[in-house]
Amino acid sequence: MAPKIIKFGDNEVSANEFLQIAGIPNVIGCIDGTSIKVRTPAHKIKSTYVNRHDIPAITLQGICDVRKRFIDVFTGIPAKIHDARVLKLSDINDDLRRICDRKFHILGDAAYPIREWLLIPYRDYGNLSDKQRQFNKQFCATRVLIENAFGLLKNRFRQLTELDLHSVDKISKFIISCCVLHNFCIDNNDFFIFNDGIELDNQEPNYEDRGEQETLLRRLGEIKRDHLLNVLFP
């Protein structure tokens, strides 16, 4: 059932909906990862699952639409692994270029590598132009939807604050089931006010350059981001 409920919609429709948030064109989703606290899974070593708070956890990677519905989820990977690596391990990684078809893109934070199909904000080393700072502001006003989606999910299903299951398979199935039910709730106008106090475990950027191909892919993403900057602030 999950693939029928958690899926990308029409790109043109999605882009028009996202455009209304903060004026960023051709966005069809926002991506991030969040930690789900768990017991150390059976027959696993605790140290391989602990997150930056030294707590055993599994990462849920999610991509959401403008209504905070999940259009892709991937889980089961230890929270010790960085978000950029989780994306590379996920099924959607190989499909995003085709789905976005050069025109469209999803938005992520600085933990991800920039691509034509995955844009991140300009890194602030104290030398950003006024246009770049304004771009980042509008960018983040859109990208925050995925953080809100995780907040809604964890407040709807409080078991996700600390799962008491013993196998990675059961943990993964439970998390994905919650994401399916989350979408059902939104589709049926079950509005929910979430508590901002739930921690979403955002990670610090830590992506490393890995050769000429990475440099080329990153440069193509930077060119696209600069083009959007000039479109928004001519």
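Here are a few friendly notes on strand 1, Asp72 and the cysteines of this predicted model.

1. Strand 1 is a good place to start. This strand covers residues 27-37, and 10 of its 11 residues are buried, so the rest of the structure largely encloses it.

2. Strand 1 has two pairings worth a look. With strand 2 (residues 57-64) the arrangement is antiparallel and involves 8 bridges; here Ile31 has Ile63 as its bridge partner. With strand 4 (residues 105-107) the sense is parallel, over 3 bridges, and Val27 stands opposite His105.

3. You may want to pause at Asp72, which lies in strand 3 (residues 70-78). Asp72 is buried but has no salt bridge, and the nearest side chain of opposite charge, that of Arg98, is 9.3 Å away. Leaving aside residues up to four places away in sequence, Asp72 touches Ile6, Phe8, Gln61, Gly62, Ile63 and Ile92. Ile63 is also the residue that partners Ile31 in the bridge between strands.

4. On the cysteines, a search of the whole structure turns up 0 disulfides. A disulfide is a covalent bond between the sulfur atoms of two cysteines. For Cys64, the closest cysteine sulfur belongs to Cys30 and is 5.0 Å away, which is too far for a bond. Cys64 counts as buried because its relative accessibility is 0%.

5. Cys178 gives a similar reading: its sulfur is 7.0 Å from the closest cysteine sulfur, in Cys179, so the two are too far apart for a bond. Cys178 is buried as well, with a relative accessible area of 4%.

How values were computed:
Residues numbered from 1 in each chain as written. Predicted model: local features only at pLDDT ≥ 70, side-chain atom pairs only at ≥ 80, totals over all residues. Heavy atoms only, no water. Buried < 20%, exposed > 50% of the residue type's maximum accessible area, 1.4 Å probe, protein only. Helix = DSSP H or I, 4+ residues; strand = E, 2+ residues; numbered from the N terminus. Pairing = 2+ DSSP bridges. Lys, Arg positive; Asp, Glu negative; His and termini not counted. Salt bridge = Lys/Arg side-chain N within 4 Å of Asp/Glu carboxyl O. Contact = heavy atoms within 4.5 Å. Disulfide = S-S within 2.5 Å.
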